[in-house]
Amino acid sequence: MKLRAGVLAAAFAMVAPAAMAQQGTLRVGMAAQDMGRLDPHFAVSTIDRVPMPWVFNGLVRFPPGSIDAAAIEPDLAERWETSADGRTWTFHLRRGVRFHGNYGELTADDVVFSLRKAANAQTSAFSADLRAIETVEAVDPYTVRIVLKENVPNLLGILTNYAGGFIVSRRAVEERGDGFNRAPIGTGPFALERVTPNQSAEFVANPAYFRGAPQIARISYRFIPSDASRDLAFQNRELDLNYGRSDQTWVNRVRQQQGVTVDVFEPAELAIINVNVTQPPFNDIRVRQALAMAVNRAEMVRWRGQDTSREGQSLVPRGYLGFTADNGLLPHDLNRARALLAEAGYPNGLTVRVVHTQLPEMLAAMQVIQQQLRRAGITLDLQVVEHATFHQQIRQNLSPLVYYSAARFPIADIYLTQFYHSRSIVGTPTAVTNFSHCGMADAEIDAARVSTDRAEQLRLWAAAQRKLVENVCGIPLIETLLVFARRDNVDYGYQLRGSLSLGPQITEASRLR
Amino acid sequence: MIWFVAKRLLAAVPTLLAVLTVVFIIVRIVPGDPALVILGDQATAEAAAALRTRLGLDQPMWVQYWTFVSNALTGNFGASLVTGRPILEEVGAVLPHTIDLTLASMVLGVVVGVPVGIWAALHRNGAIDVAARLLSLLGLSFPVFVSGIYLLLLFGLYWRLFPVIGNADLSDFGDRLHKVVLPAVALGLTMAAYITRVTRSAMLHSLGEDYIRTARAKGVPWRRVVWVHGLRNASLPVVTVVGLYVGILIGNSVLTEIVFNRPGLGKIIVGALNQRDYAMLQGLMVIYCFLIVVVNLVTDLLYGVMDPRVKQA
C-alpha cells in the first residue's frame, strides 16, 4: 500500500504545477462501519457507491448533479455513432486520458476489458444490466465497437458513470487480482490513497485529470456508523459533509445550525408492498384491493416528512423514463376496503404473518403500515428478523407481503424487469426481486425494451404499469429522497439535484471556500 | 513456572478446537447469504450461485470445516469474504486500538475502583459507603451509549477538549492517548463501579478475619493492617474479577467503539455478522478465544505471585 502511495505521489509530483491550486481536505461522514468492495463492478452498497465517480469515469456520464437520462453527455468517449438498426455502436475515445499512478493512457483495450468484465457474472454484480451486449471489440486504440443482441431502450444509460459502466485499468486488475477491491485504479478526479479498515478511505486529487486538476486536494471519507456521533462530529466542525437521515425532524434540526445547508436530492427510493398473488389469501384480487385501499400514502408522507418524501404513484418511481401516474391506482378508502374483505369471506378481518427486517427505518415504516391496515381489519403479524436473514427469507417465499424500498437506474425497464417480470420471480434460477410472482406484463416489458420508437416504448411501459397496478401486484407507498448536510464552505461546483452514486459527486470544479 | 505456563497453554488447545467447531457451526446456522450481501439485491440468483461456488460455500460442510481447521492450525485464517483482505491484516490494523482501549479502561477501573472499594469498606454503612454504593450502582446501570453521548456532548462539543471522531494515528502516542481518554472513561467507569463493589465486599470479609483482629491486638498500625494484611488477602477475588472483566472489555467494547468512532475488534465482528462474512467471523472468534486464554493465563500467574500457596498447588 505504501509503495502504491509512493508511486502515486511520484506520478503526481511530475505534474506538480497543476496541483498548486489544490487546497484543503474535504471530510465526509458516512453511516457505515467499513467499506466493502471498491471494484466498481462490485460496489453495491451506498458506502461503496458514493466514491465511485470520484475515482472512475464511464464512456458517457450524467452531468454532475443530474440523473436526467436525456442529458447524458460525453465522458471518456468524445463522440459516438450508431448503425441504422441501432444494434452497432461505435465510440471514439478521448486521447491522452491517463489512469492514476503509472498505469498509463486509457485505450480501447481497457474499455473492452472493462465492459467484458462488467458483463461477466463471475467478475461483476451488474452483469444482468449488460445482458444485451453481444460483442465488444477494439477497432483501434481509440475506437470501441459494441454490437447488441437486440435493441435496448438506452444503451448510453448502461455505459454511464454508474454500476457496470465504469472503466477500469486492465493492467491494474490483472496485476492486483482480488487486491483491486481495495486498491482500484481509474481515470477519475481523485485516486484512492489508502483504506484504513473501520476508519476511513483517503483520496488524493489527480492533477492529471483530463478535465483539469481538482481544486480540492484530498477527501477523507470517514466511516461513522452511529448517527448521533456523526451528527455531533458534524456539529463540532469535524466533518464538512454528513450523510443525513431522510426524516423531517433530522432535516429541521440540522437546518437550524448556522452555516449549514441540507441537500435533498434524487433518486428517490420507492417503497412498495409487493403482494404474492399466488399465495392465499392474496390470490383473491378482492383481498389485494382491500389491502391497497387500506394504505394511506398521504399519512405516510406526513409521518416521514414533506421535504424528504412524497407519495408513490406507480410501481415505477416518479421521474423515471416511462413512469406514468395514469395507472388505475386505488385511492385510500377504509369502508370500501372492509367491504371488499367481507365480500372475499373475511367479514371479521384477517391476520397475515409477514417477515420483516429489524433495520430501524424500514421497521418504523412497516409499523405505520401495520397500524393503517389494522383500521381495515387486516392484522400484520410481523416476524422481525435481522436484515440479512430478511433478504434470504423473502427470496424463499416465506412472506406473502414484502416491503421493499429501492432506487434503480431511472428507466422504467429496469424497475419493471427486476420486480415484475416473470424471469425475475424469486426461487427461479434467473430470480432477481419479483416477490409478487406477477408476470402478466411480460409482453409489454419485453416489447418496450426492444422498441426503437420512443412513443411506442412509453405507451408499452404505461400499459405494463396499468396491468400491474390494477392487479395489485404491488402497492406503492412513499418515495424517500436522499439527504446530505453540507457546511457552507463546500461548493460542489454544480447544483445538486440528483446523483446515481447516492452521494454528492466531487468533481474537478468542487472547492472548499 | 515454565511448566505451569506450558501446561496452561496446552490445556488451551482443546478449548480453541472446541471454539473453532462451535463457531463454524453457529455462523452457518444463522440464516443469511454472504453472496447476496456481496452482490447486492440486483444480482440474479445465477450470479449469486456463481459467487457461492467461487467462495467455496457450495462445498459439503465437512470439506469447508476441514479446510477451515487445517488452515487455522497453520495460522492461515484466509481472507474476508467481503473485502478480500487477509483476516490477520484486518485484525492487525485494529488490534492496537482495542488493546489501547482495554488497557486504559482497565487501569482506570482499577485505579478508581480499588481505593473507593477499600474506602467504602472502612466506612461501612457510613455516608461514604452509601455514596460509593449508590455511585457504583449508577455506574453499572448507565449504558455506555448514553454515558458516551453525554461525554461527547460535554467534553467534545461544549468544552472542545476532545474530538468527537476518535480514530487515532497509531504512530502518534500523544494522539492515541488523547483519543482514548473519553472512551476509556465511559468503559472504565462501569468497570470501576463493579470493582468497587467487589473490593468492598472482599475487604469487609477480610477485615472480619481472625488474623486482622490478632494483628490489631498486637498493636500493628491500622494503616499496615489494612494495606498489608487486609488488602493482600482481599486481592484474590479482585484479581479474578479484573481478569474476567478484561475478557468482557475486549468483547463488549463494540458499543464504545461505535459511539466514539473508534476502530476495533468489536466493530469488525458486528460488521462481519451483519455481512455474513463467515471467514472473518471464524477468524475473529479464534483470536478472541486466544486473547481470553492469554488473559486467564496472566490472571493465574498473578494468583501465584499474590498467594504462594497457589503456586505450590
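Here is a short tour of a predicted two-chain model, going from confidence to domains, core, contacts and a few backbone oddities.

**How sure is the predictor?**

The structure is a prediction, so local features are only picked out where pLDDT is at least 70. For the complex, the predictor gives an ipTM of 0.80 and a pTM of 0.86. Chain B has an average pLDDT of 86, and 98% of its residues score at least 70.

**Chain A and its domains**

Start with chain A, which splits into domain 1 (2-240 + 489-512) and domain 2 (268-481). Domain 1 is written in two pieces, 2-240 and 489-512. Measuring between C-alpha centres, you get 33 Å from domain 1 of chain A to domain 2 of chain A. Where the two meet, 10 residues of domain 1 of chain A are in contact with 10 residues of domain 2 of chain A. The domain 1 side of that meeting is made up of 5 nonpolar, 4 polar and 1 charged residues.

**The big core**

Now for the inside. The largest nonpolar core has 233 residues, and the members that touch the most others in it are Leu416(A) and Leu39(B). Which element gives this core its largest share? That's helix α8 (residues 173-207) of chain B, with 16 residues. Domain 1 and domain 2 of chain A both give residues to the core as well, so it lies between them.

It's worth clicking on Leu416(A). Leaving out residues up to four places away in sequence, Leu416(A) touches Val316(A), His421(A), Ala441(A), Ile445(A), Trp461(A) and Ala464(A). As a bit of background, nonpolar side chains tend to be buried together in soluble globular proteins.

**Where the chains meet**

How many residues of chain B are in contact with chain A? There are 43 of them, and they are in contact with 46 residues of chain A. Several helices of chain B chip in at least two residues each to this side, among them α2 (34-39), α3 (45-55), α5 (87-122) and α7 (144-158). Also on that list are α11 (254-259) and α12 (265-274) of chain B. By class, the chain B side has 24 nonpolar, 11 polar and 8 charged residues.

**A long look at one helix**

Helix α13 (residues 278-306) of chain B has 29 residues. From first C-alpha to last, helix α13 of chain B reaches 42 Å, close to the 42 Å expected at 1.5 Å a residue. Its buried residues include Tyr278(B), Ala279(B), Met280(B) and Leu281(B), and also Ile292(B).

**Backbone oddities in chain A**

A few spots in chain A have unusual entries for their backbone angles, gathered here.

| Site | Feature | Angle |
|---|---|---|
| Glu266(A) to Pro267(A) | cis peptide bond | omega near 5° |
| Pro280(A) to Pro281(A) | cis peptide bond | omega about 5° |
| Arg237(A) | positive phi, not a glycine | phi about 65° |
| Val472(A) | positive phi, not a glycine | phi about 50° |

So where do these sit? Pro267(A) lies in strand β12 (residues 260-275) of chain A, while Pro281(A) is in the loop between β12 and α10 (285-294) of chain A. Arg237(A) is in the loop between α8 (227-235) and β11 (241-243) of chain A, and Val472(A) is in the loop between α17 (454-470) and β17 (474-487) of chain A.

Are Arg237(A) and Val472(A) buried or exposed? Arg237(A) has 13 C-beta neighbours inside 10 Å, so Arg237(A) counts as partly exposed. Val472(A) has 25 C-beta neighbours inside 10 Å, so Val472(A) counts as buried.

Technical notes
Residues are numbered from 1 along each chain as its sequence is written. Chains are lettered from A and ligands numbered from 1 in the order in which they are written. This is a predicted model: local features need pLDDT of at least 70, side-chain atom pairs count only at pLDDT 80 or more; totals for chains, interfaces and linings use all residues. Domain bounds come from an automatic or database domain assignment. Two residues are in contact if their C-beta atoms, placed from the backbone, lie within 7 Å. Ala, Val, Leu, Ile, Met, Phe, Trp, Tyr, Cys and Pro count as nonpolar, Asp, Glu, Lys and Arg as charged, and the others, Gly among them, as polar. A nonpolar core is a set of buried Ala, Val, Leu, Ile, Met, Phe, Trp, Tyr and Cys residues joined through C-beta atoms within 7 Å. A residue is buried if 20 or more other C-beta atoms lie within 10 Å of its own, exposed if 12 or fewer, and partly exposed in between; C-beta atoms are placed from the backbone. Helices (H or I, at least four residues) and strands (E, at least two) are DSSP runs, numbered from the N terminus. The expected span of a helix is 1.5 Å times one less than its number of residues. pLDDT is the predictor's confidence in each residue, from 0 to 100.
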